[in-house]
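Okay, everyone, thanks for coming. I'd like to walk you through a structure, so have a look at the screen and I'll point things out as we go.

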Amino acid sequence: MQGKLIIVTAPSGAGKTTVVKHLLKEIPSLAFSVSATTRKKRDNEIDGKDYYFLSEEEFKLKIESGAFIEWEEVYPGKFYGTLQSEITRLWDADKNIIFDIDVKGALNLKNKFPEKTLSLFIEPPSLEILNERLTNRNTETPETLKTRIARVTYELTFNNHFDFTLVNLDLDSTLEKATSIVNNFLP
């Protein structure tokens, strides 16, 4: 069976991972698509569950072999992508697939499967609040934080390319809206 695709995208720190985790808990037919990345694994992350952590060389070899359905170099030397084998694995398990991916990856995926895809763009209430959220994560240096904020400003210009935009001002309300939208889309 080829199920449906639910794409949740947002600038870093806007709340997309929280939305995805909530939807996975609320909707049993969903399964998480594990993305591949070349970025370093954080202490709380598990290879194969949070991401497939690859070296830059491994990632580039997979690009050359056509293993990715979509990929992007999000930051210099930091690649992210969706492996075709991941989609096949989840569809073979009769699942609808949910993605937690960056904006350009989301657009690429939506363009490949336009009839099967629902896309949600999670928008932060403001750049100030987003900056505070990213700072409170304690995963960024001042330089990487500046780079992320610059990318956020760029990514926010794409919000009108998605099926729904949810401004994440109140988390409970955002989660409720996201659940309702996804339930209305799925069979």
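Let's start with Glu 155, which is buried because its relative accessible area is 5%, and buried means under 20%. Keep in mind that this is a predicted model. Where does Glu 155 sit? Its place is in helix 6. And which residues does Glu 155 touch, leaving aside anything up to four places away in sequence? You'll find Ala 10, Pro 11 and Ser 12, then Asp 102 and Val 103, and also Phe 121.

While we're on helix 6, let's look at how it meets helix 5. Helix 5 covers residues 127-137 and helix 6 covers residues 142-155. Their axes come within 11 Å and cross at roughly 145°. Left-handed or right-handed, that crossing? For helix 5 and helix 6, right-handed. From helix 5 you've got Leu 127, Leu 130, Asn 131, Leu 134 and Thr 135, and they meet Leu 145, Arg 148, Ile 149, Val 152 and Thr 153 in helix 6. If you sort the residues of that contact by type, you get 6 nonpolar, 3 polar and 1 charged.

Okay, on to the aromatics. How many aromatic pairs does the structure hold? There are 8 of them. Take Phe 59 and Phe 68: the ring centres are 4.3 Å apart and the planes are at 25°, so this pair is stacked. Why stacked? Because planes under 30 degrees apart count that way. Phe 59 has 0% relative accessibility, so Phe 59 counts as buried. Phe 68 comes in at 10%, so Phe 68 counts as buried too.

Then there's Trp 71 with Phe 79. Their aromatic pair is tilted, with 6.0 Å centre to centre and 40° between the planes. Buried or partly exposed, for Trp 71? Trp 71 is partly exposed, at a relative accessible area of 36%, whereas Phe 79, at 4%, counts as buried. Put Phe 59, Phe 68, Trp 71 and Phe 79 together and you have one aromatic cluster.

Rings can have a lysine over them as well, so let me show you two cases. Lys 4 lies over the face of Phe 185, at 4.5 Å from the ring centre. Lys 116 lies over the face of Trp 91, and there the distance from the ring centre is 5.8 Å.

Let's stay with Phe 185 for a second. You'll find Phe 185 in helix 7, which is residues 171-185. Who does Phe 185 touch, again not counting residues up to four places away in sequence? Lys 4, Leu 5 and Ile 6, plus Lys 116, Thr 117 and Leu 118. So both of those lysines, Lys 4 and Lys 116, turn up among the contacts of Phe 185. As for Lys 21, its C-alpha and that of Phe 185 are separated by 18 Å, with the two positions 164 residues apart along the chain.

Next, Phe 113. Look for Phe 113 in the loop between helix 4 (103-112) and strand 8 (117-123). At 15% relative accessibility, Phe 113 counts as buried. Beyond four places in sequence, Phe 113 touches Leu 5, Ile 69, Ile 87 and Trp 91. Phe 113 and Lys 4 are 109 residues apart in sequence, and their C-alpha atoms are 9.0 Å apart in space.

Now strand 9, residues 164-167, which is the place of Phe 164. Phe 164 is partly exposed, with a relative accessible area of 37%. Its contacts, with the same neighbours left out, are Leu 118, Ser 119, Leu 120, Phe 121 and Ile 181. Measuring aside, the computed C-alpha distance from Phe 164 to Val 8 is 9.8 Å, and they are 156 residues apart in sequence.

Last stop: the loop between helix 3 (84-92) and strand 7 (96-101), where Asp 94 is found. Asp 94 has a positive phi of about 60°, although Asp 94 is not a glycine. Ala 93 lies in that loop between helix 3 and strand 7. At 45% relative accessibility, Ala 93 counts as partly exposed. From Ala 93 to Ser 173, C-alpha to C-alpha, is 31 Å in space, and the two are 80 residues apart in sequence.

That's my tour, thanks for listening.

Technical notes:
Residues are numbered from 1 along each chain as its sequence is written. This is a predicted model: local features need pLDDT of at least 70, side-chain atom pairs count only at pLDDT 80 or more; totals for chains, interfaces and linings use all residues. Side-chain values use heavy atoms; hydrogens and water are left out. Rings of Phe, Tyr and Trp (its six-membered ring) pair if their centres lie within 6.5 Å; planes under 30 degrees apart count as stacked, over 60 as edge-to-face and the rest as tilted. Buried means under 20% relative accessible area, exposed over 50%, partly exposed in between (1.4 Å probe, protein chains only). A charge sits over a ring if NZ of Lys or CZ of Arg is within 6 Å of the ring centre and within 35 degrees of the ring normal. Axes are lines fitted to C-alpha atoms, for helices over the stretch in contact, and angles run from 0 to 180 degrees between N-to-C directions. Helices (H or I, at least four residues) and strands (E, at least two) are DSSP runs, numbered from the N terminus. A crossing is left-handed if the near helix is turned anticlockwise from the far one by less than a right angle, and right-handed if clockwise. Contact means heavy atoms within 4.5 Å. Ala, Val, Leu, Ile, Met, Phe, Trp, Tyr, Cys and Pro count as nonpolar, Asp, Glu, Lys and Arg as charged, and the others, Gly among them, as polar.
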